[in-house]
Amino acid sequence: MSQVFDGYERQYCELSANLSRQCTGASSLDGEQKKQKISDIKAGLDDAETLIRKMDLEARSLQPSMKATLLAKLREYKTDLTNLKTEVKRVTTSNVSFAARDDLLESGSADTLAVSNDQKGRLLMSTERLNQSTDRIKDSRKTMLETEELGVSILQDLHLQRQSLLHAHKTLNGVDDNISKSKKILSAMSRRMSRNRWIVGSLLTAMVIAVIIILYFKLTH
């Protein structure tokens with residue numbers, strides 16, 4: 001499900017439950033207090049309509065499989081909003097005095113009880129939806145935490161692999177250094193052997209020349 005839609009849904013359920021309670025409380029008020037309460041309720045209705053529009057836009061932007069489910073829920077919320085507006089209208093048009101209201105309550109207690117039951121049912125429905133929305137948010141949060149833990153584990157593994165690569169790189173650098181030293185030693189040995197061969201050749205040449213000179217003198221005398 002869409003977390004954005006769930007957030008709007010949770011706000012709407014809270015707002016709907018609050019408006020239901022305010023409508024119930026406004027019925028027992030009169031004068032300026034009642035006007036102020038009705039003004040607050042109408043402002044809440046405007047907020048509720050805004051949330052309905054946001055949920056509608058969010059639902060229509062999703063994949064068809066999710067869109068159908070969310071639009072079905074949205075129709076229920078629109079019906080709930082219509083009922084709230086009807087209840088607000090009833091409270092607004094109820095402009096009677098305390099005495100008249102007492103007579104009305106005495107003569108129409110059944111109607112009042114029906115309205116109270118309707119408000120109670122709507123409040124229970126809003127509370128249930130709010131609980132469902134809260135559960136979905138908790139599940140989403142749990143999934144996010146599990147994903148975060150998995151990400152941390154992967155980062156730790158990558159860090160260990162990086163340390164291993166750095167260690168291997170240092171080892172290779174050490175091998176390179178040893179190879180360079182070996183090359184230098186071999187080069188020095190090669191130069192020394194070349195010099196030794198040159199010295200031995202020179203000595204042999206001198207000895208051959210000396211033998212030739214000695215033979216020459218012996219043969220001529």
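Find S16 first: leaving aside residues up to four places away in sequence, S16 touches D80, L84 and S126. S16 sits in helix 1, which covers residues 3–26. Keep in mind as you look around that this is a predicted model. Is S16 buried or exposed? With a relative accessible area of 1%, S16 is buried, because anything under 20% falls in that class.

Now let us turn to charged side chains. How many salt bridges does a search of the whole structure find? The search gives six, and we can visit some of them in turn.

Stay with helix 1 for the next stop and look for E9. E9 pairs with K73 in a salt bridge, and the closest N and O atoms of the two are 2.7 Å apart. Since K73 belongs to helix 3 (residues 64–93) while E9 belongs to helix 1, this pair ties together parts that are 64 residues apart in sequence. You might like to check how much of this pair you can see from outside: K73 is buried, and E9 is buried too.

Next, move to helix 2, which runs over residues 31–60 and holds both K35 and E32. These two residues also form a salt bridge, with 3.9 Å between their closest N and O atoms. That distance counts as a salt bridge because the cut-off is 4 Å. Along the chain, K35 and E32 are three residues apart, about one turn of the helix. Are they buried or exposed? K35 is exposed, and so is E32.

Helix 3 offers another pair to explore. There, the side chains of E87 and R90 meet in a salt bridge, at 2.7 Å from N to O. Both residues lie in helix 3, three residues apart, which is about one turn of the helix. Their surroundings are worth a look as well. E87 has 7% relative accessibility, so E87 counts as buried. R90 has a relative accessible area of 35%, which makes R90 partly exposed, because that class lies between the 20% limit for buried and the 50% limit for exposed.

For the last stop, follow the chain along to residues 198–217. An unreviewed UniProt entry lists these residues as "transmembrane region". What does the chain look like there, in helix and strand? Over residues 198–217 the model is 100% helix and 0% strand. If you place a ruler between the C-alpha atoms at the two ends of this stretch, they are 29 Å apart.

Conventions:
Residues numbered from 1 in each chain as written. Predicted model: local features only at pLDDT ≥ 70, side-chain atom pairs only at ≥ 80, totals over all residues. Heavy atoms only, no water. Helix = DSSP H or I, 4+ residues; strand = E, 2+ residues; numbered from the N terminus. Buried < 20%, exposed > 50% of the residue type's maximum accessible area, 1.4 Å probe, protein only. Contact = heavy atoms within 4.5 Å. UniProt positions renumbered as here; feature names shortened; annotations may be inferred.
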